Amino acid sequence: MKWLLILLLIVFIVLGGFLLSPSPIESQGWQPPSAPAMTGVLSPNERLKLSDILARGHLEHPEDTAMDAQGRLYTGTSDGWIMRLEDGGSGEPERWVDTGGRPLGLVFDNQGNLIVADAQRGLLTVSPAGEVRVLTREAEGLPFRLTDGVDVAEDGVIYFTDASSRHSLASHQLDLLAMRPNGRLLSYHPRTGQTRVLLRNLYFANGVVVSPDDDYLLVAETPRYRLLRYWLTGPEQGQAEVFADNLPGFPDNLDVDGRGRYWVALPARRRAALDFLHHQPWLKDVVARLPASLRPGPGRYGLVLALDGKGEVVTSLQDTRGDYLWGLTSARVHGNELFFGSLYSNRLGRLPLSAVPGLEEAEPSAAND
């Protein structure tokens, strides 16, 4: 009996300390829409298993990919290195450049420099010789905390995101849980060195892509399951609107192919438990106190969508068991192939566009509507 009382006292002390400890977040409530049914073009399938696996076990969390004019594939890993693979990704990965941070989004500019959104160091440029230089690391006096997605327009302007001004990559799941607008969409002009904030108060601003005609950008708001369109030209210049809403998962990096189809990588499907938590911000504050391993995680599922220029899903690629390609954070088009990166696995994937069902039904001119 004595030992039981002592045990209960210990439990009481531990539980009381847990409940009285401050939460690392101050959550905001949100009423998410009902998740879309996984039917039609969203019906479960195993199309991702048609892909070739590249560098299995030799890459730690390769978030994104870029390809140079010589057909060499590049990806950034969690140890800060940018790895290079010869022969369109078929070669053995080799260490090319250490950024000294954590490279996420990658894209080549028109001069052959690799532009890097580095979660720790800001927006970087890497010359063909491997020289790393910081382009910008703050805007309006607010330092970047999690530089994430990046793309380059035809005129050389770089568009990128700072996913959160509050949380780093290591604690990014807390930002998704809090549902606070800590993100920004930005531009960097190489000729002037000017950094501008295009949109602020975004919910974990993630992937960004320039439209084929350079008339607008798409940017992902990951925890809100949606993509926004920001107009660069025309009568709505400087304005933003919802492009695609209520997606079946958390959108990450974005890309566009030669026929105007937008490719969206979703590292995780919607979770009913998380949607429920958004109704109870106090409960989210409690969950945030738990060890990361006990909070709602991404799970193991592979999911990539293709959208037309009107924001409609035209096809999906999935790995329902998550044992081949899962936790995908990028679906990049290089040549006539799709390359898949993941923040959560140790490999890349490669799939010919010709092997993707449903693309022939997509309207090529829809991107210009």
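Me: Which side chain meets that of Asp323 in a salt bridge?
Reply: In this predicted model, the closest approach between the two side chains, N to O, is 3.4 Å. That value meets the criterion of a side-chain nitrogen within 4 Å of a carboxyl oxygen. The partner of Asp323 is Lys49.

Me: How many residues apart in sequence are the parts that Asp323 and Lys49 tie together?
Reply: Asp323 lies in the loop between β23 and β24 (328–334). Lys49 lies in the loop between α1 and β1. The pair therefore ties together parts whose separation in sequence is 274 residues.

Me: Is Asp319, which also meets Lys49 in a salt bridge, buried or exposed?
Reply: The side chains of Asp319 and Lys49 approach to 3.9 Å, N to O. Asp319 lies in strand β23 (residues 313–319), so this pair ties together parts that are 270 residues apart in sequence. Lys49 is partly exposed, at 31% relative accessible area. Asp319, by contrast, has a relative accessible area of 0%, and because buried means under 20%, Asp319 is buried.

Me: Which residues are linked with Lys49 in a network of salt bridges?
Reply: Lys49 meets Asp319 in a salt bridge, and Lys49 also meets Asp323 in one. Both of these partners belong to the network. The residues linked with Lys49 are Glu46, Asp319, Arg321 and Asp323.

Me: Which strands stand at the edges of the open sheet of four strands?
Reply: The order of the sheet is β12-β13-β14-β15, with antiparallel pairing. Each edge strand has a single partner, so one side of each is left without a neighbour in the sheet. The edge strands are β12 and β15.

Me: Which residue forms a salt bridge with Arg200 of strand β15?
Reply: The closest N and O atoms of this pair are 2.7 Å apart. The partner lies in the loop between β10 (138–139) and β11 (142–143), 60 residues from Arg200. Arg200 is partly exposed, at 42% relative accessible area, while the partner counts as exposed, at 60%. That partner is Glu140.

Me: How far away is the nearest side chain of opposite charge from Asp151?
Reply: Asp151 lies in strand β12 (residues 147–152) and is buried. A polar atom of the Asp151 side chain lies 2.8 Å from the backbone nitrogen of Val210. Asp151 has no salt bridge, however, because the limit is 4 Å and the nearest side chain of opposite charge, Arg332, is at a distance of 5.2 Å.

Key: Residues are numbered from 1 along each chain as its sequence is written. This is a predicted model: local features need pLDDT of at least 70, side-chain atom pairs count only at pLDDT 80 or more; totals for chains, interfaces and linings use all residues. Side-chain values use heavy atoms; hydrogens and water are left out. Helices (H or I, at least four residues) and strands (E, at least two) are DSSP runs, numbered from the N terminus. Buried means under 20% relative accessible area, exposed over 50%, partly exposed in between (1.4 Å probe, protein chains only). Lys and Arg count as positive and Asp and Glu as negative; His and the chain ends are not counted. A polar contact is a pair of N or O atoms within 3.5 Å; within protein, one must be able to donate a hydrogen and the other to accept it, and residues adjacent in sequence count only if both atoms are side-chain atoms. Two strands pair if DSSP finds at least two bridges between them.
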